[in-house]
Each structure stands twice: as structure tokens, then as C-alpha cells.
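Thanks for coming. I will put the model on the screen and then go through some side-chain contacts.

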Amino acid sequence: MQKCIELAKQAEGKTSPNPLVGCVITDEFDQIIATGYHKKYGDNHAERDALLKINTGDGDTLYVNLEPCSHYGKTPPCTDLIIEKGIKHVVIGMCDPNPLVNGIAQLRKAGIDVTVGVLEDECKKLNEVFIKNVTEQKTFIAIKTAATLDGKIATSNGSSKWITSPKARQHVYEIRNRYDAIMTSSNTIVADNPQMFHSRKIILDRKLKTSLNSDIYKQGEIFIFNELKDGVNNNLNFVKTPVKDGKISLEFVFNKLYELGIMSVLIECGSKLNGKALKYADKIYHFIAPKITGDNSAKSCFDYRKINKISECVNFKIENVEFYTPDILLIYYPIDKTS
């Protein structure tokens, strides 16, 4: 099953809105005879990719991290081919949250032995985006930030390049590639003029104050959420957006992204939007550099409210700590959502 997960990860960022799936087939002696994975949206599913590499009767056990599909989509049902190839045992990491999928029942009806729940937590983590999309019909929201040890993302005059090392910044490119789109604000564009290489970008620019000559507009499909106009101009999609308390409505933005088929988004911006987005965040990537500014007027990671008691803090669970020397990356999830 671990091998299935590793295979599936090879297609990160390429299968949306489909899940990440890997498959391993062994013979009666428990030797691997074929592997496969879902390489990109529209391609063969992982099971079909692996099964087409073997002859009927050669395979004994099929391992897959997600329940095989039993309905027609872009490709025929994987359960049909599993049965046709004479597989005797199917080991599944997790059940598919899609109610259209009934693969386990189909396989058992055909007399195939089915085991479910192997490395289930790891399999769910792998497809956390897909699970939210299917169960909530909402876009998965992640935030990426980088700060010093004293929690600052820039000095009091706005200097922020560079807080983290080249090694950490290189990993940011890998993180971006996992998501359907990246999001930033007009303030970040004005302050930093970032390029943010990605095929799809989301920009929050209420008053359309950013210059269309900014680097970020030079490539990619771009959605500009603003309060002034709708319309399309080449690669620019202007989306007229309601405003609440002088701010773009994030509720509207995230609902609209799902309507647009954007299943996941990575937010990279300043403290204000970071703070407002915490209410919706499903995951946070937090790089920390071993530096201290000592500047009490410097900008912090999340700045959106005042509280009176430490009990009012938003709580998180740290899932993982990764090292990109000299920096570290904390990956954490909200235990409760902020208001």
C-alpha cells in the first residue's frame, strides 16, 4: 500500500478533479508483476494502467489506495477489468467518498476477497483535496507563509526578500504544483511584484489598482476578483465580487472557485489576507527561518483581529515538520475554525 501511495504522488497536480491513485499487482508468490498510477485527468485509472500490463490469470492480489470505480466516467469501470483479469484478492486503502462508487460490493458479488482500510489514514491524507471536494462540494484552501523566529514576514518598511533560503523557496514551487491555482492580493503585487509561475492564478484586487504590466499577469489563466467589473480580456477573467466591510467577500470568492472547477487553491499573500483566510483554511504550510528581527513594528504572519484572552487563540494540530536547512517547514491543520 505504501508503494501505491508513492506511485500516486507522481501525478500530484495533474489529476484534478480526480483523486491521486496508485496500484500494485502481485502474483501467487507475492511478487510484484505490475504497477500503475493515474497519470493525469482523462487518462486510464491506476488499476487499468496496471491491469493492462498483465495477462488474464497472472495476477493474484491487487493493491490500490482508493476503492476501484464501478461506474462509467472518462474510462470504463475498473471493477469490470479486475474481474475479467481473474484477480482473486483486492486490498483497498480507503473507501471512495463518491456515492456513485460501489466497487467493493461489485467485487465481493463477483466472489473476489476484499480487504479495506490498509494505511487508511495515510490514504486519506493523500487525497484530502478530493475528499473535501466530494463530501462538501467546496474548494480545498491552503495557506503558505514564511516568517522569522519572532513571527515576522517583513520589516516595518516592507522588506521581505529573502526570509528563507533558496532550498526552502525551491520547495515552494513543488507545493504550488500540487494545487489547481494560487491566490494573492493586490497589496502583495504592489509591494513585491511577484511572478508566481502557475497555470492559474487568483488575484483579489477590489479597486483594480494593480498594473496589468505587473509580472504576475504575464502568463497563466488569471481570475481577478474585484468590485468594479466582469468580463474577459485575453487571459484575464474579471469577476465582479460583493464587498463586505470594505473587503472582498472571501465566502463569494471560494464558492466561485468551486463553480469554476478550481478544486484547490494555495494562498500566498500578506498578513491581512492570511488572517481573514484562516476562517476557511484547511491546511497551512509555515516556513520558519532561524532569524529574529527584533522589530516590534514589523509585519506578522496573521494580522486580522484583537483578542483579550489566550483562550481565544485559534488551535492547530502540527502534522509534520520538514527540514530545508537552515529553515524548517511546519505543516499544520486547524482544530477549530476562526471567526
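I start with a cysteine, C313. With a relative accessibility of 30%, C313 counts as partly exposed. This is a predicted model, so please keep that in mind throughout. The closest cysteine sulfur to that of C313 belongs to C301 and is 14 Å away, which is too far for a bond. Across the structure, the number of disulfides is zero. C301 is likewise in no disulfide, its nearest cysteine sulfur being that of C269, at 11 Å. C301 is buried, at 6% relative accessible area.

Next, the aromatic rings. How many aromatic pairs does a search of the whole structure find? There are four aromatic pairs, and I will show two of them.

One is Y179 with Y285. Their ring centres are 6.2 Å apart and the planes stand at 90°, so this pair is edge-to-face. In sequence the two tyrosines are 106 residues apart: Y179 is in the loop between helix 7 (166-176) and strand 8 (181-185), while Y285 is in strand 16 (residues 283-288). So the pair links distant parts of the chain. Are these residues buried or exposed? Y179 has a relative accessibility of 4% and counts as buried. Y285, at 1%, counts as buried as well.

Another is F316 with Y332, also edge-to-face, with 5.1 Å from centre to centre and 75° between the planes. Here F316 comes from strand 18 (residues 316-324) and Y332 from strand 19 (residues 327-334), 16 residues apart. In this pair F316 is partly exposed, at 27% relative accessibility, whereas Y332 is buried, at 9%.

Rings also meet charges in this model. The charged end of K125 sits over the ring of Y333, at 4.0 Å from the ring centre. In the case of K229, the charged end sits over the ring of F238, 4.1 Å from its centre.

K125 takes us to the salt bridges. The structure holds 15 of them. Which residue does K125 meet in a salt bridge? The partner is E319, with an N to O distance of 3.9 Å. K125 lies in helix 5 and E319 in strand 18, and 194 residues separate them along the chain. Both ends of this bridge are partly exposed: K125 has 33% relative accessibility, and E319 has 35%. To put K125 together: its charged end sits over the ring of Y333, and its side chain forms a salt bridge with E319.

Two local examples for contrast. In helix 9 (residues 250-259), K256 and E259 are three residues apart, about one turn of the helix. An α-helix has 3.6 residues a turn, so residues three or four places apart point the same way. The K256 and E259 side chains form a salt bridge, with the closest N and O atoms 3.6 Å apart. K256 is partly exposed, at 25% relative accessible area, while E259 is exposed, at 61%. Salt bridges with shared partners also join K39, D49 and K53 into one network. The other example is D215 with K218, where the N to O distance is 2.9 Å. K218 is exposed, with 59% relative accessible area.

Last, the N-terminal part. Helix 1 (residues 2-9) has C4, I5, L7 and A8 buried. Where do they sit around the helix? Their arc about the axis is only 160°, which places them on the same side of helix 1. These buried residues pack against strand 1, strand 2 (32-37), strand 3 (61-66) and helix 5 (120-126). Helix 5 is the element that holds K125.

From the other side of that packing, take V24. V24 is in strand 1 (residues 22-26) and counts as buried, at 5% relative accessibility. Leaving aside residues up to four places away in sequence, V24 touches K3, C4, L7, I32, A34, T35, T61, L62 and Y63. Among these, C4 and L7 are buried residues of helix 1. For scale, the C-alpha atoms of V24 and L100 are separated by 24 Å, with their positions 76 residues apart along the chain.

That is the tour; I can go back to any of these on the screen.

Notes. Residues are numbered from 1 along each chain as its sequence is written. This is a predicted model: local features need pLDDT of at least 70, side-chain atom pairs count only at pLDDT 80 or more; totals for chains, interfaces and linings use all residues. Side-chain values use heavy atoms; hydrogens and water are left out. Rings of Phe, Tyr and Trp (its six-membered ring) pair if their centres lie within 6.5 Å; planes under 30 degrees apart count as stacked, over 60 as edge-to-face and the rest as tilted. Helices (H or I, at least four residues) and strands (E, at least two) are DSSP runs, numbered from the N terminus. Buried means under 20% relative accessible area, exposed over 50%, partly exposed in between (1.4 Å probe, protein chains only). A charge sits over a ring if NZ of Lys or CZ of Arg is within 6 Å of the ring centre and within 35 degrees of the ring normal. Contact means heavy atoms within 4.5 Å. The arc is that of the directions from the helix axis to the C-beta atoms. A disulfide is a pair of cysteine sulfur atoms within 2.5 Å. A salt bridge is a side-chain nitrogen of Lys or Arg within 4 Å of a carboxyl oxygen of Asp or Glu.
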